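Visitor: I'd like a close look at one part of this protein, please. Could you pick a spot on the inside and walk me through what surrounds it?

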Amino acid sequence: MAKLQPHTEKVLGEHLALTFVDKSDYAVFSCLDDAGEVHSVPLCLVRMNQFIYAQGGIQSSTAQLYKDGRTVKIVCVAENQTPKLKYAELSAIKHDAKALANQVFTMQYKSAICTTQAVLIENAQEKKLALQLLSQKYCAKYMSSFDILADEYLDKINVYRFEIMDISAKTNKVIQAA
């Protein structure tokens, strides 16, 4: 039987990191507010090239934060799952706390962490494109009605562009040693 090694975290390249951004359903956006307090909020996102787009309400807390080139960290989790062991595999380790911790009671994940600069989009054409990309990602089957939504709400929401300045990706998995 193969001997299992403890989890190792692998640092991956930019291409995989961008893939993880694209696959994430939402991300946590974090930055320091004007008082120096950490402000974090989960938002839906979409990426185009080196930009991540998200939207928020004009009166929301994000309205004061995500502008003027403020640095924002974005954490995207593309996949997470608990291991799926067969009965025989679990039986073989059921009295070994270390093996249980590494192989059963754990979370395997793929994630990307981006350091970005936030800009409130003022240009109506770019704002509509970003909103269209977001809508396509999350509401693709309703896109025939997008223009009606955009015409009514484009001036009632904020759309933000986050330029990716730095990006990294990590994953952890159980490594099989022969």
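Leaving aside its neighbours within four places in sequence, which residues is Val-21 in contact with?

Guide: Sure, and keep in mind that this is a predicted model. Once you skip the neighbours within four places in sequence, Val-21 is in contact with Leu-45, Arg-47, Ile-52, Cys-76, Ala-112, Cys-114, Lys-137 and Ile-167. Now zoom out a little. Val-21 belongs to the largest nonpolar core, which has 27 residues. Along with Phe-29, Ile-52, Tyr-66, Val-72, Ile-74 and Phe-162, Val-21 is one of the residues that touch the most other members. Plenty of elements chip in to this core: helix 1 (14–23), strand 3 (27–32), strand 4 (38–43), strand 6 (51–57), helix 2 (62–65), strand 7 (71–81), strand 8 (108–120) and strand 9 (157–173) each supply at least two residues. Strand 9 gives the most, with 5 residues. Apart from this core lies another one, of 12 residues, including Val-46, Tyr-53, Ala-130 and Ile-157.

Let's stay with strand 9 for a moment, since Arg-161 is found there. With a relative accessible area of 19%, Arg-161 counts as buried, because the cut-off for that is under 20%. Not counting residues up to four places away in sequence, Arg-161 touches Phe-51, Ile-52, Tyr-53, Gln-117, Ala-118, Val-119, Ile-121 and Glu-126. You've met Ile-52 already: it is in contact with Val-21 too. Arg-161 and Met-48 are 113 residues apart in sequence, yet their C-alpha atoms are 9.9 Å apart in space.

Next stop, the loop between strand 5 (46–48) and strand 6, where you'll find Asn-49. Asn-49 is exposed, with a relative accessible area of 56%. Its phi is near 60°, a positive value in a residue other than glycine. For context, most residues other than glycine have a negative phi.

Last, have a look at a pair of helices. The axes of helix 5 (residues 124–139) and helix 6 (residues 146–153) come within 11 Å and cross at roughly 135°. That angle makes helix 5 oblique to helix 6, and the crossing is right-handed. Helix 5 brings Lys-128, Leu-131, Gln-132 and Ser-135 to the contact, while helix 6 brings Phe-146, Asp-147, Ala-150 and Asp-151. Sort the residues of this contact by type and you get 3 nonpolar, 2 polar and 3 charged.

Key
Residues are numbered from 1 along each chain as its sequence is written. This is a predicted model: local features need pLDDT of at least 70, side-chain atom pairs count only at pLDDT 80 or more; totals for chains, interfaces and linings use all residues. Side-chain values use heavy atoms; hydrogens and water are left out. Axes are lines fitted to C-alpha atoms, for helices over the stretch in contact, and angles run from 0 to 180 degrees between N-to-C directions. Helices (H or I, at least four residues) and strands (E, at least two) are DSSP runs, numbered from the N terminus. Angles under 35 degrees count as roughly parallel, over 145 as roughly antiparallel, 65 to 115 as roughly perpendicular and the rest as oblique. A crossing is left-handed if the near helix is turned anticlockwise from the far one by less than a right angle, and right-handed if clockwise. Contact means heavy atoms within 4.5 Å. Ala, Val, Leu, Ile, Met, Phe, Trp, Tyr, Cys and Pro count as nonpolar, Asp, Glu, Lys and Arg as charged, and the others, Gly among them, as polar. A nonpolar core is a set of buried Ala, Val, Leu, Ile, Met, Phe, Trp, Tyr and Cys residues joined through side-chain atoms within 4.5 Å. Buried means under 20% relative accessible area, exposed over 50%, partly exposed in between (1.4 Å probe, protein chains only).
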